[in-house]
Amino acid sequence: MISSHISTPLATLLAMLKSEGFDISTSKLIDVQKVLANLGDEKLKDFSELRSILSPLISRNKEEQEHFNAVFAKYETYIKEKSLRSIEKIEVAVEKSKYR
């Protein structure tokens, strides 16, 4: 299982949401920061938990909630693929160092 690291303040997710038409105001950013500051590391790494926590802060209605979930799924895939690429780079570097 891949251990994914989610960086706070989730700049990539917020940029993705903005590009999808979500209104990410300064007050919403502050609300997100306050909530994230009170979460433990385990909850920050749990995509399902994070989605459940952030969705009501960002979404104003059911349609936005569904849209949020779709964007969040893309974000989750992006983070997991990025983590996998990082792991693969480390494995290649380790292999190369064995032959030096």
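User: Which residue follows H1, and what is the sign of its phi?

Analyst: Gly21 follows H1, and its phi is positive, near 95°. Helices here are DSSP runs (H or I, at least four residues), numbered from the N terminus. This is a predicted model, in which local features need pLDDT of at least 70 and side-chain atom pairs count only at pLDDT 80 or more, while totals for chains, interfaces and linings use all residues. Residues are numbered from 1 along each chain as its sequence is written, and side-chain values use heavy atoms, leaving out hydrogens and water.

User: Why is His67 called partly exposed?

Analyst: Buried means under 20% relative accessible area, exposed over 50%, and partly exposed in between (1.4 Å probe, protein chains only). His67 has 29% relative accessibility, so it counts as partly exposed.

User: What makes the pairing of Lys74 and Glu20 a salt bridge?

Analyst: The term requires a side-chain nitrogen of Lys or Arg within 4 Å of a carboxyl oxygen of Asp or Glu. The side chains of Lys74 and Glu20 meet at 3.7 Å, N to O. Lys74 lies in helix H5 and Glu20 in the loop between H1 and helix H2 (26-37), so the pair ties together parts that are 54 residues apart in sequence.

User: Why does Glu76 count as buried, and which residues share a network of salt bridges with Glu76?

Analyst: Glu76 counts as buried because its relative accessibility is 17%. Glu76 is linked with Arg51 and Lys80 in the network: the N to O distance is 3.4 Å for Arg51 and Glu76, and 2.9 Å for Glu76 and Lys80.

Methods:
Helix = DSSP H or I, 4+ residues; strand = E, 2+ residues; numbered from the N terminus.
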